[in-house]
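Subject: Handing over the model

Hi,

Here is the structure I said I would pass on. Have a look first, and then read my notes below.

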Amino acid sequence: MKNSKVLYLLLASFMLLFSACDPIVEEDHLGNNVKVEDVELKATQTTTGGNKIVLELLTPGISGHWDYMIGKALTNRYTVTFPVKGTFNFKYKGTLGAEFFEKTVPVTINVLDHPVAPEWTALLGTNAAAGKTWVFDKSTPGNLWWFMSPGGNPDGAMTVWWNAGDCCGPSDSNGKMHFDLNGATNYNHYESNTAAPTKGGFVLDVTNKTLTIVDAKMLGSAAGNKNGVYSIVSLTNDKMVLYLSNSETYNTGWTFIFKPE
């Protein structure tokens, strides 16, 4: 009898032990708060056809951000002064709860009635969606279009240490590069005039006077530059002068001079 009781206790102990190893899981599946077709976006120009725009997400229960091409806004309501004329689709990227979504709202800008930096139109041309193509300006006096200069300061960009373009230009010296705002800040590098493009993006920082090339290379990047950031010495409709403060290849500065194709 005693042996039966001991066996019973042992069996009960094993049952408790193994049952304790099986966790109880309550699955909770995410669901959408709203259908994507019911997400309401609104873009209001503060003046008729003007370039100051109020972007709004009107549907509650959604989190995300505005992507207005030249920047992002981590808020449901944002006011942007857009720097160029044309028709553009401003995008909201967010989550419905169980899935991500993107939705756009179109805006047509006919007049730049709020102040903007002229560098945007200089870089992209009068039709920003179509964009503008730049090439090396080999018509400069002294054939100075790609040369070594003092490092560390854009003020010395036009001081020539070695005119590399005169004898030893880069492999893409006859290539071109194209900037546009056709749905995004698009950049294309062409190794030659007929080569297929390498596609990337760009960031124009007018305040800090820099132009950054993203996921591609600048025309003449054989001079160096791993991070793709260039100082803007001059940017007008007819000429663009960029400066690299520290060439990893030569440990000097480097100057690039371009003109529209």
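Before anything else, one cut-off: buried means under 20% relative accessible area, exposed means over 50%, and partly exposed is whatever falls in between. That settles Val-203, which counts as partly exposed because its relative accessibility is 45%. Please keep in mind that this is a predicted model, and that goes for everything that follows.

The overall picture

The protein chain has 261 residues, and 40% of them are buried. You will find two helices and 16 strands in it. If you take the contacts between residues at least 6 apart in sequence, 53% of them join residues at least 24 apart. The chain exposes about 14500 Å², with carbon and sulfur atoms supplying 53% of that area.

Val-203 and the strands around it

Back to Val-203, which sits in strand 12. What does Val-203 touch, once its neighbours within four places in sequence are left aside? The contacts are Thr-210, Leu-211, Thr-212 and Val-214. Those names lead straight to strand 13, which covers residues 210-214. There is also a pair to look up across the sequence: Val-203 and Gly-71 are 132 residues apart along the chain, yet their C-alpha atoms are 8.9 Å apart in space.

Strand 12 (residues 198-205) pairs with strand 13 in the antiparallel sense, over five bridges. One place to see this is Leu-204, which stands opposite Leu-211. The two strands make a hairpin with four residues between them, and there Lys-209 takes a positive phi near 55°. Strand 13 is mostly covered, with four of its five residues buried.

Strand 13 has another partner as well: strand 14 (residues 229-235), again antiparallel, over three bridges. Here Thr-210 has Ser-231 as its bridge partner, while Leu-211 stands opposite Tyr-230. So Leu-211 is worth a click, as it faces Leu-204 in one pairing and Tyr-230 in the other. From strand 14 you can carry on to strand 15 (residues 240-244), which is joined to strand 14 by four bridges and runs antiparallel to it. Ser-234 stands opposite Val-241 in this pairing. Strands 14 and 15 also form a hairpin, with four residues between them.

The sheet with His-65

Next, an open sheet made of four strands in the order 4-3-6-7, with antiparallel pairing. Its edge strands are strand 4 (72-73) and strand 7 (100-109), each of which pairs on one side only. Strand 3 and strand 6 (residues 86-95) run antiparallel and are joined by five bridges. Within that pairing, Asp-67 stands opposite Lys-91.

His-65 belongs to strand 3, which spans residues 63-67. Is His-65 buried or exposed? It is buried, because its relative accessible area is 17% and the cut-off for buried is under 20%. Neighbours within four places in sequence aside, His-65 is in contact with Lys-72, Ala-73 and Leu-74, and also with Lys-91, Tyr-92 and Lys-93.

The disulfide

How many disulfides are there? The count comes to one. Cys-167 and Cys-168 form it, with their sulfur atoms 2.4 Å apart. The torsion about their S-S bond is about -90°, and therefore the disulfide is left-handed. The two cysteines fall into separate classes of accessibility: Cys-167 is exposed because its relative accessible area is 52%, whereas Cys-168, at 37%, counts as partly exposed.

A patch on the surface

Last stop: Trp-161, Trp-162 and Tyr-250 form a nonpolar patch on the surface, and together they have about 330 Å² of accessible area. Trp-161 lies in the loop between strand 9 (146-149) and strand 10 (176-180). With a relative accessible area of 52%, Trp-161 is exposed.

If you want a route through the model, try Val-203 in strand 12, then His-65 in strand 3, then the disulfide of Cys-167 and Cys-168, and finish at the patch that includes Trp-161.

Cheers

Notes. Residues numbered from 1 in each chain as written. Predicted model: local features only at pLDDT ≥ 70, side-chain atom pairs only at ≥ 80, totals over all residues. Heavy atoms only, no water. Buried < 20%, exposed > 50% of the residue type's maximum accessible area, 1.4 Å probe, protein only. Contact = heavy atoms within 4.5 Å. Pairing = 2+ DSSP bridges. Disulfide = S-S within 2.5 Å. Patch = residues over 30% accessible without salt bridge, like charges linked within 9 Å, V, L, I, M, F, W, Y side chains within 5 Å. Areas by Shrake-Rupley, 256 points an atom, 1.4 Å probe, with all protein chains shown as cover. Salt bridge = Lys/Arg side-chain N within 4 Å of Asp/Glu carboxyl O.
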